[in-house]
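Ready for some practice at reading a protein model? Work through the exercises below one at a time, and try each task before you look at its solution.

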Amino acid sequence: MNIVLLGIQGSGKGTLVQDLSKHLDFLLVSVGSSLRDEIATGSKLGKLIKSKMDKGELVDTNIVMDTINKKLSDNKKSIVIFDGFPRSREQADELDKICNVDLAIYLNLKKEDALKRIMNRLTCSKCGNITTRVKCPDLVCPVCNGKLTVRSDDTPEVANKRFEQYRLETEPLIKRYRESGVLVEIDASKTPNEVLKAVMKVIKWT
Ligand code: AMP
(Lines give C-alpha, C1' and ligand atoms only; values in the text may rest on other atoms or scores of the structure.)
Protein backbone atom coordinates (compact mmCIF):
# COMPACT_ATOMS: atom_id res chain seq x y z
CA MET A 1 0.00 0.00 0.00
CA ASN A 2 1.35 3.41 -0.99
CA ILE A 3 0.34 6.32 1.22
CA VAL A 4 1.09 10.01 0.67
CA LEU A 5 0.92 12.54 3.49
CA LEU A 6 -0.28 15.99 2.54
CA GLY A 7 -0.54 19.04 4.75
CA ILE A 8 0.84 22.49 5.35
CA GLN A 9 4.27 22.76 6.97
CA GLY A 10 3.76 22.28 10.71
CA SER A 11 0.59 20.20 10.30
CA GLY A 12 2.27 17.27 12.05
CA LYS A 13 3.37 14.97 9.20
CA GLY A 14 6.75 14.27 10.83
CA THR A 15 5.22 13.68 14.25
CA LEU A 16 2.61 11.38 12.72
CA VAL A 17 5.16 9.13 10.98
CA GLN A 18 7.21 9.06 14.17
CA ASP A 19 4.13 7.85 16.10
CA LEU A 20 2.96 5.48 13.34
CA SER A 21 6.33 3.72 13.33
CA LYS A 22 5.56 2.42 16.84
CA HIS A 23 2.47 0.59 15.55
CA LEU A 24 3.07 -0.19 11.89
CA ASP A 25 5.90 -1.62 9.79
CA PHE A 26 6.50 0.61 6.77
CA LEU A 27 9.14 2.19 4.61
CA LEU A 28 9.29 5.90 5.26
CA VAL A 29 10.20 8.11 2.34
CA SER A 30 10.73 11.49 3.96
CA VAL A 31 12.17 13.79 1.35
CA GLY A 32 12.89 16.65 3.78
CA SER A 33 14.94 14.48 6.13
CA SER A 34 16.81 12.76 3.25
CA LEU A 35 17.67 16.22 1.92
CA ARG A 36 18.85 17.31 5.39
CA ASP A 37 21.04 14.14 5.54
CA GLU A 38 22.62 15.19 2.23
CA ILE A 39 23.24 18.70 3.62
CA ALA A 40 24.94 17.16 6.68
CA THR A 41 27.51 15.41 4.44
CA GLY A 42 28.78 18.85 3.37
CA SER A 43 28.72 17.80 -0.31
CA LYS A 44 28.33 20.21 -3.23
CA LEU A 45 24.83 18.84 -3.77
CA GLY A 46 24.09 19.37 -0.07
CA LYS A 47 25.13 23.03 -0.37
CA LEU A 48 22.83 23.50 -3.35
CA ILE A 49 19.95 21.89 -1.45
CA LYS A 50 20.61 24.07 1.62
CA SER A 51 20.51 27.26 -0.43
CA LYS A 52 17.03 26.33 -1.70
CA MET A 53 15.76 25.12 1.68
CA ASP A 54 16.94 28.21 3.54
CA LYS A 55 14.96 30.36 1.13
CA GLY A 56 11.83 28.25 1.60
CA GLU A 57 11.95 27.10 -2.03
CA LEU A 58 11.31 23.63 -3.39
CA VAL A 59 14.36 21.59 -4.32
CA ASP A 60 14.48 20.58 -8.00
CA THR A 61 12.29 17.61 -8.83
CA ASN A 62 15.14 15.64 -10.44
CA ILE A 63 17.12 15.79 -7.16
CA VAL A 64 14.00 14.79 -5.21
CA MET A 65 13.30 11.86 -7.58
CA ASP A 66 16.89 10.59 -7.20
CA THR A 67 16.40 10.58 -3.43
CA ILE A 68 13.12 8.72 -3.74
CA ASN A 69 14.35 6.14 -6.24
CA LYS A 70 17.35 5.41 -3.98
CA LYS A 71 15.00 4.85 -1.02
CA LEU A 72 12.68 2.59 -3.03
CA SER A 73 15.39 0.58 -4.79
CA ASP A 74 15.77 -2.19 -2.19
CA ASN A 75 12.38 -1.87 -0.51
CA LYS A 76 10.89 -5.05 0.94
CA LYS A 77 8.07 -3.45 2.92
CA SER A 78 4.47 -3.76 1.79
CA ILE A 79 3.54 -0.29 3.10
CA VAL A 80 5.35 2.82 1.85
CA ILE A 81 4.62 6.24 3.35
CA PHE A 82 5.69 9.33 1.43
CA ASP A 83 6.10 12.27 3.80
CA GLY A 84 6.28 15.68 2.15
CA PHE A 85 6.05 14.24 -1.35
CA PRO A 86 4.57 14.99 -3.82
CA ARG A 87 4.61 18.76 -3.39
CA SER A 88 3.71 19.83 -6.92
CA ARG A 89 1.77 18.59 -9.93
CA GLU A 90 5.09 17.71 -11.61
CA GLN A 91 6.05 15.51 -8.64
CA ALA A 92 2.61 13.87 -8.50
CA ASP A 93 3.00 12.99 -12.19
CA GLU A 94 6.43 11.49 -11.46
CA LEU A 95 4.98 9.47 -8.58
CA ASP A 96 2.24 8.10 -10.85
CA LYS A 97 4.99 6.73 -13.12
CA ILE A 98 6.49 4.74 -10.22
CA CYS A 99 3.45 3.48 -8.30
CA ASN A 100 -0.26 3.79 -7.53
CA VAL A 101 -1.33 6.05 -4.70
CA ASP A 102 -3.73 3.99 -2.58
CA LEU A 103 -4.32 6.58 0.13
CA ALA A 104 -3.66 10.30 0.48
CA ILE A 105 -3.90 11.48 4.08
CA TYR A 106 -4.52 15.21 4.26
CA LEU A 107 -3.65 16.75 7.63
CA ASN A 108 -5.80 19.86 7.63
CA LEU A 109 -4.54 22.72 9.81
CA LYS A 110 -5.01 26.50 9.68
CA LYS A 111 -1.94 28.51 8.66
CA GLU A 112 -1.95 30.48 11.95
CA ASP A 113 -1.85 27.26 13.99
CA ALA A 114 0.84 25.82 11.73
CA LEU A 115 3.04 28.88 12.29
CA LYS A 116 2.64 28.59 16.07
CA ARG A 117 3.72 24.94 15.88
CA ILE A 118 6.70 25.70 13.66
CA MET A 119 7.90 28.38 16.09
CA ASN A 120 7.69 25.83 18.92
CA ARG A 121 9.35 22.96 17.00
CA LEU A 122 12.67 21.38 17.96
CA THR A 123 14.47 18.59 16.10
CA CYS A 124 17.17 16.32 17.49
CA SER A 125 20.46 16.82 15.68
CA LYS A 126 21.42 13.20 16.45
CA CYS A 127 18.33 11.00 15.92
CA GLY A 128 15.92 13.36 14.13
CA ASN A 129 13.25 13.11 16.84
CA ILE A 130 10.71 15.95 16.58
CA THR A 131 9.54 17.60 19.79
CA THR A 132 8.70 21.04 21.18
CA ARG A 133 10.26 23.76 23.32
CA VAL A 134 7.36 23.36 25.75
CA LYS A 135 8.08 19.64 26.26
CA CYS A 136 11.88 19.96 26.27
CA PRO A 137 12.96 23.42 27.49
CA ASP A 138 16.42 22.02 28.40
CA LEU A 139 17.05 21.25 24.68
CA VAL A 140 17.96 17.61 25.47
CA CYS A 141 16.38 14.91 23.28
CA PRO A 142 14.21 12.59 25.43
CA VAL A 143 14.94 9.70 23.03
CA CYS A 144 18.75 9.77 22.69
CA ASN A 145 20.01 12.66 24.88
CA GLY A 146 21.21 14.43 21.73
CA LYS A 147 21.04 18.20 21.33
CA LEU A 148 17.69 19.61 20.22
CA THR A 149 17.99 22.34 17.62
CA VAL A 150 15.78 24.71 15.64
CA ARG A 151 15.69 23.89 11.91
CA SER A 152 17.38 26.64 9.89
CA ASP A 153 14.19 27.06 7.81
CA ASP A 154 11.91 27.36 10.87
CA THR A 155 11.93 31.17 10.99
CA PRO A 156 8.75 33.24 10.52
CA GLU A 157 10.09 34.71 7.21
CA VAL A 158 11.00 31.35 5.65
CA ALA A 159 7.88 29.68 7.09
CA ASN A 160 5.69 32.28 5.35
CA LYS A 161 7.47 31.64 2.03
CA ARG A 162 6.94 27.90 2.49
CA PHE A 163 3.25 28.49 3.22
CA GLU A 164 2.93 30.47 -0.01
CA GLN A 165 4.72 27.77 -1.98
CA TYR A 166 2.38 25.22 -0.34
CA ARG A 167 -0.70 27.25 -1.34
CA LEU A 168 0.41 27.60 -4.93
CA GLU A 169 1.98 24.24 -5.66
CA THR A 170 0.91 21.62 -3.12
CA GLU A 171 -2.67 22.56 -2.22
CA PRO A 172 -3.97 21.74 -5.74
CA LEU A 173 -2.98 18.12 -5.10
CA ILE A 174 -5.73 17.87 -2.47
CA LYS A 175 -8.31 18.29 -5.25
CA ARG A 176 -6.45 15.86 -7.49
CA TYR A 177 -6.44 13.07 -4.88
CA ARG A 178 -10.01 13.85 -3.76
CA GLU A 179 -11.19 13.45 -7.35
CA SER A 180 -9.35 10.17 -7.73
CA GLY A 181 -11.16 8.91 -4.60
CA VAL A 182 -8.13 8.25 -2.37
CA LEU A 183 -8.14 11.35 -0.16
CA VAL A 184 -8.98 11.21 3.53
CA GLU A 185 -9.04 14.46 5.48
CA ILE A 186 -7.92 14.48 9.11
CA ASP A 187 -8.37 17.37 11.55
CA ALA A 188 -4.74 18.10 12.42
CA SER A 189 -5.62 20.58 15.18
CA LYS A 190 -6.26 17.58 17.45
CA THR A 191 -3.58 16.12 19.74
CA PRO A 192 -0.89 13.88 18.16
CA ASN A 193 -2.52 10.88 19.81
CA GLU A 194 -5.97 11.68 18.41
CA VAL A 195 -4.49 12.22 14.94
CA LEU A 196 -2.61 8.91 15.22
CA LYS A 197 -5.81 7.03 16.19
CA ALA A 198 -7.78 8.57 13.32
CA VAL A 199 -5.05 7.70 10.81
CA MET A 200 -4.63 4.14 12.11
CA LYS A 201 -8.38 3.59 11.64
CA VAL A 202 -8.20 4.81 8.04
CA ILE A 203 -5.18 2.63 7.23
CA LYS A 204 -6.97 -0.45 8.65
CA TRP A 205 -10.03 0.20 6.46
CA THR A 206 -8.01 0.73 3.29
P1 AMP B 1 10.06 19.41 5.20
O2 AMP B 1 11.05 18.71 6.07
O3 AMP B 1 9.10 18.46 4.58
O4 AMP B 1 9.39 20.57 5.89
O5 AMP B 1 10.89 20.06 3.99
C6 AMP B 1 11.89 21.02 4.22
C7 AMP B 1 12.37 21.59 2.91
O8 AMP B 1 12.92 20.54 2.09
C9 AMP B 1 11.31 22.22 2.02
O10 AMP B 1 11.01 23.57 2.37
C11 AMP B 1 11.98 22.12 0.65
O12 AMP B 1 13.00 23.09 0.49
C13 AMP B 1 12.63 20.75 0.73
N14 AMP B 1 11.70 19.69 0.30
C15 AMP B 1 11.10 18.75 1.08
N16 AMP B 1 10.32 17.95 0.36
C17 AMP B 1 10.41 18.39 -0.91
C18 AMP B 1 9.82 17.99 -2.14
N19 AMP B 1 8.95 16.98 -2.24
N20 AMP B 1 10.15 18.70 -3.26
C21 AMP B 1 11.01 19.73 -3.22
N22 AMP B 1 11.60 20.15 -2.10
C23 AMP B 1 11.30 19.49 -0.95
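**Exercise 1. Find the polar contacts of the ligand.**
Task: Which side chain has an N or O atom 2.7 Å from a nitrogen atom of the ligand?

Solution. Keep in mind that this is a predicted model.
- Step 1: The side chain to look for belongs to Q91, where an N or O atom lies 2.7 Å from a nitrogen atom of the ligand.
- Step 2: Taken by itself, the ligand exposes 480 Å², and the protein buries 95% of that.
- Step 3: Now look at the backbone, where a polar atom of G84 is 2.9 Å from a ligand nitrogen.
- Step 4: Turn to ligand oxygen: one such atom is 3.0 Å from an N or O atom in the R36 side chain.

**Exercise 2. Describe the shell around the ligand.**
Task: How many residues surround the ligand, and which are the closest?

Solution.
- Step 1: The ligand is surrounded by 16 residues, and E57, G84, R87, Q91 and R151 are the closest.
- Step 2: Sort the shell by class, and you get 7 nonpolar, 3 polar and 6 charged residues.
- Step 3: Ask where they come from: α2 provides the largest share, 4 residues.

**Exercise 3. Explore the second largest pocket.**
Task: Which helix gives the most residues to the lining of the second largest pocket?

Solution.
- Step 1: Start with the space itself, a volume of about 220 Å³.
- Step 2: List some of the lining residues, including S34, L45, I63 and K71.
- Step 3: Match the lining to helices: α2 (31–40), α3 (44–53) and α4 (61–73) each supply at least two residues.
- Step 4: The answer is α4, which gives the most, with 5 residues.
- Step 5: By class, this lining holds 4 nonpolar, 2 polar and 5 charged residues.

**Exercise 4. Spot the unusual backbone.**
Task: Where is the cis peptide bond, and what is its omega?

Solution.
- Step 1: Recall the general pattern: most peptide bonds are trans, and most residues other than glycine have a negative phi.
- Step 2: The cis bond joins F85 and P86, with omega about -5 degrees.
- Step 3: Place P86 in the loop between β3 (80–83) and α5 (89–98).
- Step 4: For positive phi, check L139, a residue other than glycine with phi near 60 degrees. L139 sits in the loop between β6 (130–132) and β7 (148–149), and is partly exposed at 36% relative accessible area.
- Step 5: N145, also not a glycine, has a positive phi of about 70 degrees. N145 is in the loop between β6 and β7. With a relative accessible area of 64%, N145 counts as exposed, because the cut-off for that word is over 50%.

Technical notes:
Residues numbered from 1 in each chain as written. Predicted model: local features only at pLDDT ≥ 70, side-chain atom pairs only at ≥ 80, totals over all residues. Heavy atoms only, no water. 1 Å grid on protein atoms, 1.4 Å probe; cavity = no way out; pocket = protein on both sides within 12 Å on 5 of 7 lines; lining within 4 Å. Points joined across faces, edges and corners; volume = space filled by probe spheres on them. Nonpolar A, V, L, I, M, F, W, Y, C, P; charged D, E, K, R; others polar. Near = heavy atom within 4 Å. Polar contact = N/O pair within 3.5 Å; in protein donor to acceptor, adjacent residues only side chain to side chain. Areas by Shrake-Rupley, 256 points an atom, 1.4 Å probe, with all protein chains shown as cover. Buried < 20%, exposed > 50% of the residue type's maximum accessible area, 1.4 Å probe, protein only.
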